[in-house]
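Here are my notes for when you open the model. I've grouped them by region so you can click through as you read.

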Amino acid sequence: MSGFVFSEKPIEITSGDGVYLTDANGTEYLDFGASYACTPVGHCHPEVVDAATGQLEDLMYVQASYPHAARTALYEQLADLAPVDVDNVWLCNSGTEANEAALKFARHATGREKIIATTQGFHGRTMGTLATTWKDKYKEGFGPLAGGVEFVEYGDADAMREAVDDETAAVILEPLQGEGGINPVSTEYLQAVRVATATSGAAMILDEIQTGLGRTGSLWAADRHDVVPDILTTAKGLGSGLPIGATLCRDWIAADAGDHGSTFSGGPVVSAAAGATLDVIEREGLPAHAEEVGAYLRGELRDRLGDDVRDVRGDGLMVGIEVRRGSNRLLRDLAIDHRVLALPAGRTVLRLLPPLTIERDHADAVVDAIAEVIG
């Protein structure tokens with residue numbers, strides 16, 4: 001019997017080290033997908049491995065109502081690193097759970113139902129977050145979904161101002177869309193959303209599940225735009241591949257004890273891994289490194305690809321290449337012919353989300369490979 005949800009790729013991965021993955025045949029691949037941004041400090045970073053295995057030897061699991069040092073330390077670390085006044089932390093197991101909690105907390109705090117989401121947005125696949133995800137292909141066959149959701153054009157400040165009213169519980173959006181095609185927006189737009197929600201008493205939820213932890217050139221994309229949300233969600237790379245997510249919120253949003261829960265919230269091993277991951281990101285200055293190497297990568301891609309592609313866009317090491325034909329064949333050729341792993345973001349966008357530890361020589365190798373495949 002085999003799994004039935006995922007369409008498995010014909011590459012069996014057996015080990016990872018830094019920016020490389022190795023398959024069962026001993027073939028080494030340069031990983032420019034990082035499993036959807038889940039390994040920001042590289043595969044099997046020794047500090048993260050030591051933290052997780054050390055915790056595993058002492059305490060593998062205890063239910064979340066019992067405090068333990070690794071979780072308590074992670075609460076404090078996330079609160080210190082979050083935008084100002086976003087000090088309350090709830091831990092879970094994934095990005096979709098973090099967003100589910102954000103939507104629940106916003107409705108609880110405001111006493112309102114209406115949620116505003118954006119075109120091309122992606123916030124998860126559970127029944128609540130799926131209702132705020134734009135593309136029909138994710139939703140077909142699963143209705144009816146949670147109600148009260150209204151979509152507005154991503155990046156259109158006037159449309160957002162018109163939609164947000166005194167019945168709005170929250171606006172949920174990504175500061176740079178990932179799954180939707182690596183779509184950036186201006187600082188002015190995000191600040192307009194902030195003003196509209198604050199004026200109406202609604203919560204602003206920034207989904208930083210893919211943009212956070214240094215990927216866009218600052219620890220949070222919110223920092224780049226000088227915007228402080230009411231709720232910020234993070235996951236993916238937080239545990240260097242171990243399953244953990246977090247919902248960070250201001251005091252007026254924070255729910256009371258017993259209003260929400262999860263059996264595996266902030267387990268000892270994943271908390272230890274997350275704490276070590278954040279330590280490495282901070283100590284090694286990976287957000288600034290992502291900004292520098294990402295700018296170099298995008299510049300080289302534009303120079304080499306020119307009119308062969310429609311666009312090269314993104315921030316830091318979150319890069320989208322909009323091509324003139326379907327991306328699946330290009331991704332296959334990159335993997336088979338050049339030993340480079342990348343990702344799609346829609347039918348015509350190649351998505352690059354490498355570990356934040358890559359250097360310019362890795363970028364050069366990937367630019368050469370993409371130029372040859374597209375050419």
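1. Before anything else, keep in mind that this is a predicted model. A good place to start is where two helices meet: the crossing of H3 and H9 is left-handed. Their axes, with H3 covering residues 69-81, come within 8 Å and cross at roughly 35°. On the H3 side the contact is made by Ala70, Arg71, Leu74, Gln77, Leu78 and Leu81. H9 brings in Pro268, Ser271, Ala272, Ala274, Gly275, Leu278, Asp279 and Glu282. Sorted by type, the residues of this contact come out as eight nonpolar, three polar and three charged.

2. Staying with H9, what span should residues 268-283 have? With 16 residues at 1.5 Å a residue, the expected figure is 22 Å, and the end C-alpha atoms are 22 Å apart, so the model agrees with the expectation. H9 is also mostly covered, as 13 of its 16 residues are buried. Just past the end of H9, glycine 285 has a positive phi of about 60°.

3. Asparagine 99 is one to click on. It sits in helix H4, residues 95-110. Is asparagine 99 buried or exposed? Its relative accessible area is 0%, so it counts as buried. The side chain isn't without a polar partner, though: it reaches the backbone oxygen of histidine 123 at 2.9 Å. Once neighbours within four places in sequence are set aside, asparagine 99 is in contact with His123, Thr129, Ile172, Asp207, Ile209 and Thr233. So His123 turns up both in that contact list and, through its backbone oxygen, as the polar partner.

4. A second asparagine to look at is asparagine 183, in strand E9 (residues 183-184). It has 16% relative accessibility, so it counts as buried, the cut-off being under 20%. A polar atom of the asparagine 183 side chain lies 3.1 Å from the backbone oxygen of glycine 180. Leaving out residues up to four places away in sequence, asparagine 183 touches Gln120, Tyr154, Leu176, Gln177 and Arg313.

5. Next, helix H11, residues 327-338. Its 12 residues reach 16 Å from first C-alpha to last, close to the 16 Å expected at 1.5 Å a residue. Which residues of H11 are buried? They are Ser327, Leu330, Leu331, Asp333, Leu334 and Ala335. What covers them includes strands E3 (28-31), E15 (340-341), E16 (343-344) and E17 (349-352), along with H12. Just after H11 comes arginine 339, with a positive phi of about 55°.

6. H12 (residues 360-374) is where you'll find valine 373. At 12% relative accessibility, valine 373 counts as buried. Its contacts beyond four places in sequence are Arg325, Leu330, Asp333, Leu334 and His338. Among these, Leu330, Asp333 and Leu334 are also buried residues of H11. For a sense of scale, the C-alpha atoms of valine 373 and aspartate 136 are separated by 31 Å, with their positions 237 residues apart along the chain.

7. Glycine 217 is in the loop between strand E10 (203-207) and helix H8 (221-224). Despite the loop setting, glycine 217 counts as buried, at 16% relative accessibility. Not counting neighbours within four places in sequence, it is in contact with Arg224, Pro287, Ala288, Glu291 and Gly316. The C-alpha atoms of glycine 217 and glycine 147 are 36 Å from each other, and the two residues are 70 apart along the chain.

8. Lastly, some backbone geometry to check by eye. Most residues other than glycine have a negative phi, and most peptide bonds are trans. Tyrosine 36 is not a glycine, yet has a positive phi of about 60°. It lies in helix H1, residues 34-37, and is partly exposed, with a relative accessible area of 31%. Serine 240, also not a glycine, has a positive phi of about 55°. Its place is the loop between strand E11 (231-234) and strand E12 (245-249), and at 17% relative accessibility it counts as buried. As for peptide bonds, the one from glycine 143 to proline 144 is cis, with omega near 0°. Proline 144 is in the loop between helix H5 (127-131) and strand E6 (149-152).

Technical notes: Residues numbered from 1 in each chain as written. Predicted model: local features only at pLDDT ≥ 70, side-chain atom pairs only at ≥ 80, totals over all residues. Heavy atoms only, no water. Helix = DSSP H or I, 4+ residues; strand = E, 2+ residues; numbered from the N terminus. Expected span 1.5 Å × (residues − 1). Buried < 20%, exposed > 50% of the residue type's maximum accessible area, 1.4 Å probe, protein only. Polar contact = N/O pair within 3.5 Å; in protein donor to acceptor, adjacent residues only side chain to side chain. Contact = heavy atoms within 4.5 Å. Axes fitted to C-alpha atoms, helices over the stretch in contact; angles between N-to-C directions. Left-handed = near helix turned anticlockwise from the far one by under 90°. Nonpolar A, V, L, I, M, F, W, Y, C, P; charged D, E, K, R; others polar.
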